[in-house]
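Please look through the sequence and the 3D structure shown here, and then follow the report below alongside them.

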Amino acid sequence: MPIYEYRCQKCKKVFEKIQRVAEGGSRLVCPHCGNKKVEKLVSGFSSKGSVSSSSCNPPGGSSRFT
Ligand SMILES: [Zn+2]
């Protein structure tokens with residue numbers, strides 16, 4: 001089963017959450033403080049800093065160069 005790591009943006013604590021693939025709704029709350037703003041940590045990458053993975057698609061439409 002896939003276990004994802006999340007980090008609370010409020011108390012900065014990292015917790016693990018088992019998430020099923022079938023579940024579409026991502027209702028994640030911090031088990032420490034109950035904050036809903038948590039960010040997903042991608043394991044395998046050692047990228048420091050704040051990488052916002054909330055928006056994958058850039059708002060600009062002309063990104064194709066053919
Ligand atoms: Zn928290």
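In this predicted model, β1 and β2 form a hairpin with five residues between them, and in the turn K12 has a positive phi of about 60°. Strands here are DSSP runs of E with at least two residues, numbered from the N terminus, and two strands pair if DSSP finds at least two bridges between them. Strand β1 covers residues 3-8 and is joined to β2 by five bridges, the two running antiparallel. Within this pairing, Y6 stands opposite F15 in β2, while Y4 has K17 of β2 as its bridge partner.

On to the remaining strand: β1 and β3 also run antiparallel, joined by four bridges, and E5 has L41 in β3 as its bridge partner. The three strands thus named form an open sheet in the order β2-β1-β3, with antiparallel pairing. Its edge strands, each pairing on one side only, are β2 (14-18) and β3 (38-41). On average, neighbouring strands of this sheet are turned by 40° against each other, with direction ignored; the axes behind this angle are lines fitted to C-alpha atoms, and angles run from 0 to 180 degrees between N-to-C directions.

The bridge partners named above can be set side by side.

| Residue in β1 | Partner |
|---|---|
| Y4 | K17 in β2 |
| Y6 | F15 in β2 |
| E5 | L41 in β3 |

Which residues coordinate the zinc ion? They are C8, C11, C30 and C33, each through its SG atom, at 2.2 to 2.4 Å, where donors are N, O and S atoms within 2.8 Å of the metal (3.2 Å for Na, K and Ca) and water is not among the atoms, so sites may look incomplete. Along the chain, the donors follow the spacing C-x2-C-x18-C-x2-C. The angles among the four donor atoms are 104 to 119°, and the site is tetrahedral, a label that requires all angles of four donors to lie between 85 and 135 degrees. Of these cysteines, C30 counts as buried because its relative accessibility is 2%, whereas C33 is partly exposed at 35%; buried means under 20% relative accessible area, exposed over 50%, and partly exposed in between (1.4 Å probe, protein chains only).

How far the model can be trusted is described by pLDDT, the predictor's confidence in each residue, from 0 to 100. The protein chain averages 74, and 53% of the residues score at least 70. Among its elements, β2 has the lowest mean pLDDT (87) and β3 the highest (90). Where pLDDT is low, the predicted coordinates should not be read in detail.

Residues are numbered from 1 along each chain as its sequence is written, and side-chain values use heavy atoms, with hydrogens and water left out. Local features need pLDDT of at least 70 and side-chain atom pairs count only at pLDDT 80 or more, whereas totals for chains, interfaces and linings use all residues.

Methods. Four donors count as tetrahedral if all angles lie between 85 and 135 degrees; four count as square planar and six as octahedral if opposite donors are over 155 degrees apart and all others between 65 and 115; anything else is irregular.
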